[in-house]
Amino acid sequence: MYNFDFVKPLNVADALVALASEEAQALGGGQTLIPTMKQRLASPEKLVSLSGISEMQGVDISGNIVTIGGATTHANVALAGAFEGLTGLAGGIGDPAVRNRGTIGGSLANNDPAACYPAAALATGATIVTNDREIDADDYFQGMFTTALEDVEIITAVRMPIPQVSNYQKFEQPASRFALVGVFVAKYADGVRVAVTGASENGVFRWSEAEGVLSTNFSADAILGMSVDSSEMISDLHGTKEYRANLVRVLTGRAVSSAS
Amino acid sequence: MPKDSGIGTSPKRREDIRFLTGNGKYTDDINLTGQSHAVFARSDVAHGKINHIDISAAETMPGVLAIFTGEDFADVGGNPAGWLINSRDGEPMKEPKRPVLAYGKVRHVGDAYAAVIAETVLQAQDAVEAIKADITELPAIVDMEAALAGGGFVHDEIETNQCFDWGWIEDNRAATDAAIKAAPHVTTLSLVNNRLVPNAMESRASTADYDRGTGDYTLYTTSQNPHLTRLLVCAFVLGIPENKLRVVSPDVGGGFGSKIYHYGEEALVLAAAKKLCRPVKWTASRSESFLTDAHGRDHVTKIELACEKDGTFIAFRTDTMANVGAYLSNFSTVTPTFLHGTLMAGNYTVPNVYVNVKAVFTNTAPVDAYRGAGRPEATYSLERVIDKCARELALDPIELRRKNFIKPDQFPYASAAGLEYDAGNYDALFDKLEGIVDFGGFKARRAESEKGGKLRGLGINSYIEACGIAPSNLVGILGARVGLYDAATVRVNATGNISVMVGAHSHGQGHATVFPQVVSEMLGVEENSIEIVHGDTSKIPFGMGSYGSRSLAVCGSAVVRATEKIINKATKIAAHMLEASESDIDFKDGKFSVSGTDKSVAFGEVAFKAYVPHDYPHDELEPGLEETAFYDPANFTYPSGAYACEVEVDPETGKVTVESFTAVDDFGNVINPMIVTGQVHGGIGQGIGQALLENCTYDENGQLLSASYMDYAMPRASDLPFYTVDHSCVTPCTHNPLGVKGCGEAGAIGSPPTIVNAVVDALHSGGHTHVTHIDMPVSPARVWSAINS
Amino acid sequence: MLNITMKINGKAVSGTVEGRTLLVEFLRNDLHLTGTHVGCDTSQCGACTIHVNGIAVKSCSMFAVEADGASIDTIEGQENTDGSLNKIQQAFQDHHGLQCGFCTPGMVMAAADLLQNTPTPTEAEIRNHLDGNICRCTGYHNIVKAIMAASGQDVSAIAAE
């Protein structure tokens, strides 16, 4: 690992000042960044730890909105129990020790195509709150490892409208335990949203055809005959495009059946 | 009354205390005063011509002490193959040199072409990045079939990628061919035995020290066999006199075969320590382990089973390509041949067996013995084709096996593949299996699974393996370049406690607990008064280490022989002390007594007399009570077993879940049931890993795709069930003093076909009868593809 | 270089580290607490699992400086005050839950993390909690059994010695 300067600001304003220099990078829980740095595949000159910023910690449930601080760990999100789909998703990321360090802001900023949180954010129509602005999830995700974030911008919180019912189905890639395919289904009064992670070369996406059908008939049977286009799916040693397309349909059905 | 100590009991492992409290001492835990650090520059291409390696910039980097390249070792020896295999035409195998550092060419991703020694690891890493390697990439030779077709060579000097073309038994070839041609039924199966990465949780590490005053070297290294490592380093590679090199293998965090072999890193740190007159330490990262540890398996096989319509076996014919990777690792040539081909008769009275194995060089990491080593490959081929045959002939898979089993009254039995099985009772194993597993309730369980949308399958398997390698005379005829005895020294100290120095090496097997059980039983002394010493060539007799399930069968036998010598000598001393004739002395429960009298002396008193030899028969006996024995086995040992498992398959996702797994093994006599059970558990875990999860994959450019735990699926707790393990069926080995056979590899040998047989059974129950085979790992994606093909 | 202080196994320690110094490196190289092991470089094997402020963390995936001011527990501090094995360690020995011992410190620390929140875990809860701890020797049977036993559950029905 290359060396770097380390700073641990206590508030967002100081963090932004620290991040303003060239080659500075924010450090969330480090569960992806640190292994990457060990391989010398990332070489920030300065790491700005967000773990000391108390205003970015915690889960607040007010009315139909859950607001999660950007530096909140997966374990604490799971513990908060805001709603079924989110709790299950957060409690199933990585492993217990990883969940104790990894953060929602880190996950969403990285936007790994097989990460779980992007599915929750997109399926709930979340608002990604930064130091500077609020970004709709539909605008935030821009392809694998690509987001709407500017260079010096920190996810301070994520706001999710709480669905009537929801569920996240993850089919684990057997080695990494990331999502080979993960499907988040969230049902709201005005319709159903379905977000898929792990499957597409373009990162997380909404399966709008299924959303349309499920919005009028929220049952697994309703999507039985449907399929997603496999042409832009990921193909690797763990599964072909066609296999992933199959999983999208199967897991969507299971998420609908299990939604609570 | 049940025994509470000695043979057949399960004392808690004494070594556990230090492991559970963080006081284990593994190689990387050892730090020597003044130590420096080695980091290797490794090829990122699979195949390339080294034009020039420019170290000038790296040499001037902070903290850099020395840099080595292949040229520095051009004149020293290569790391040899331990076994000469002759091809069918009588030609010896091709043996290109395996240098300490790549020279002329790099031959696999991870092949080290330079090493930096620096004050710190980080400085060495920085300097490695500053080395400018001018390497012209060449087309990678990855696929075995393409490699055999030629076009480019991994080793230009041998002008072929074929290491050997071996036939076993060549004289049986014509008869086997004829028998298959004439047979009423032939079942054919093409399969791949998937390449695996051993993945001991402790990665390899080596630290060398050199004493300028005495010229003595010390190497601390993660080895399963310190004497073998010393021999290879001294006699073949660096030419250090054996008596000037001490090899220490302290606590070793698992081996599974991968730590049998001598690796170039060990030679490098030794040479560097001498050059710098400073200790030099190297510890592999997990990424380096993936790229450079010897991998396992990697066979492409076609097997044919010829039989009568009633299922009576007539012949097995096997055609295998075995990948040996870019260089011959020490046991790489014997693993696909004598450890594989000789087992191709299984537990069966089949009269005709012929095996052809072509070993192939490719631009991949070396492939060598991994838990089971050849025998899992043999068992998998046999038991998969037998299962397929049973389905084709609509025979019960257990009945088909039983029909062809060697019967108890046929032992010793000369198998058609050239081994003499000394003992076994395969029907008894299946009797036991049928007693444990509720086969009758399977239909109901299958129906229950189907209610949940799942398909349930039942897999059956039988295996035999050859362990306790091996008779030196026999293996010498077959091409081995080393002997395969083991050795033990029993030292009774003056105060009566005992040190036992063994050639075997424990890296999880519990020798520190088990060997004292044997000695305690024989001498009638407390187990806790006996200490095992291992893993240090300066302390132990010349032994060959632990692999091939040999520790107890071979080294344990040496312990018995040395202890017998102790008893013999102690009896003489006791006779003198008791003023009786030696022939009148009885030894029982730690006491020497004169038969028919109440005169006796305790073992401890005799020991004291041996070391304080006042009033001692010096004209007849030497003082001291210490004996060494070397034991060379008369034959292999032949553990066998009957396995069953049930799996559920989710037809929508292809995911396979192991619902139950039962292993019934005949290991001969069992010294410590707890440890034997643990060994079987571990083997099953690895076997299920091979069957369902693990897949070492290179792309067509020779890049390792499964190069970390992100892509190489290790079995985890949530992938596995509780197992039912039984080893109460015992046919003792007839030719070693303990009647033991070895248990370390059985689980890994017996479980892969059990799982795959069950998956195929499940798919058939769901109407997917077009699926006759799925290659391992039987991953969800593969199962789904098979269903939907 | 950065100055850090922390409490390790109840004892105050201080040291000087680079930003890039991993917590496990600080423990092993600076403090010679070599019971915490490194088995991979992708934060998966769990051999380096310790507790930071009472929760399980992979010390290979945390910078030492991030633990400044923290309270750390490692395998070296798990014994009872009289030096005997604690109930988890004792259960691992009683049920042969370790072989080569390399993953064992991480397993014990992961088990302790589970039991402090889930005093009587089911088999499935134990297996899931060990998702980040890889053992190559035991096939996990006896590890799971040991953790069940450590939680006071009767394991006599689970097969084997």
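Select chain C to begin: of its contacts between residues at least 6 apart in sequence, 58% join residues at least 24 apart. Keep in mind as you look around that this is a predicted model.

**Stop 1: chain C by itself**

Hide everything but chain C and switch to a cartoon view. You should find five helices and five strands. Trace the chain from its start and the elements come in the order β-β-α-β-β-β-α-α-α-α.

Now turn chain C around to see its outline. Along the principal axes, its C-alpha atoms fill a box of roughly 55 × 35 × 25 Å. The radius of gyration of chain C is 16 Å, which agrees with the value near 15 Å for a compact globule of 161 residues. How much of chain C is buried? Buried residues account for 63% of its 161 residues.

**Stop 2: where chain A meets chain C**

Bring chain A back. Here 21 residues of chain A are in contact with 22 residues of chain C. To find the chain A side, select β1 (5-7), α2 (33-38), β3 (46-49) and α5 (96-99) of chain A, the elements that each give two or more residues to it. Colour that side by residue class and you get nine nonpolar, seven polar and five charged residues.

**Stop 3: where chain B meets chain C**

Swap chain A for chain B, keeping chain C on screen. This contact takes 46 residues from chain B and 46 residues from chain C. On the chain B side, try selecting α1 (16-20), α8 (286-292), α17 (673-693) and β28 (724-726), each of which gives two or more residues. Which element gives the most to this side of chain B? Highlight α17(B): it gives the most, with nine residues. Use the class colours again, and the side of chain B that touches chain C shows 18 nonpolar, 20 polar and eight charged residues.

**Stop 4: the domains of chain B**

Hide chain C and give each domain of chain B a colour. Domain 1 covers 18-138 + 201-254 + 259-292, domain 2 covers 299-469 + 635-787, and domain 3 covers 485-631. Look at domains 2 and 3 of chain B: their C-alpha centres lie 40 Å apart. Their contact takes 20 residues from domain 2 of chain B and 16 residues from domain 3 of chain B. On the domain 2 side, those residues are 11 nonpolar, seven polar and two charged.

**Stop 5: a helix pair, α6(B) and α7(B)**

Staying in chain B, select residues 226-238 for helix α6 and residues 264-276 for helix α7. The axes of these two helices come within 11 Å and cross at roughly 70°, so α6(B) and α7(B) are roughly perpendicular to each other. Show side chains for B:T229, B:V233, B:V237 and B:L238 in α6(B), which meet B:E266, B:A267, B:L270 and B:A271 in α7(B). In this contact six residues are nonpolar, one is polar and one is charged.

**Stop 6: another helix pair, α15(B) and α16(B)**

For the last view, select residues 551-578 (helix α15) and residues 603-611 (helix α16) of chain B. Parallel or perpendicular? The axes come within 10 Å and cross at roughly 90°, so α15(B) and α16(B) are roughly perpendicular. From α15(B), pick out B:A570, B:I573, B:A574 and B:M577; from α16(B), pick out B:F603, B:V606, B:K609 and B:A610, the residues that make the contact. By class, the contact of α15(B) with α16(B) has seven nonpolar residues, no polar ones and one charged residue.

Conventions:
Residues numbered from 1 in each chain as written. Chains lettered and ligands numbered in written order. Predicted model: local features only at pLDDT ≥ 70, side-chain atom pairs only at ≥ 80, totals over all residues. Contact = placed C-beta atoms within 7 Å. Helix = DSSP H or I, 4+ residues; strand = E, 2+ residues; numbered from the N terminus. Nonpolar A, V, L, I, M, F, W, Y, C, P; charged D, E, K, R; others polar. Axes fitted to C-alpha atoms, helices over the stretch in contact; angles between N-to-C directions. Parallel < 35°, antiparallel > 145°, perpendicular 65-115°, else oblique. Domains from an automatic or database assignment. Rg over C-alpha atoms; globule rule 2.2 N^0.38 Å. Buried ≥ 20, exposed ≤ 12 C-beta atoms within 10 Å, placed from the backbone.
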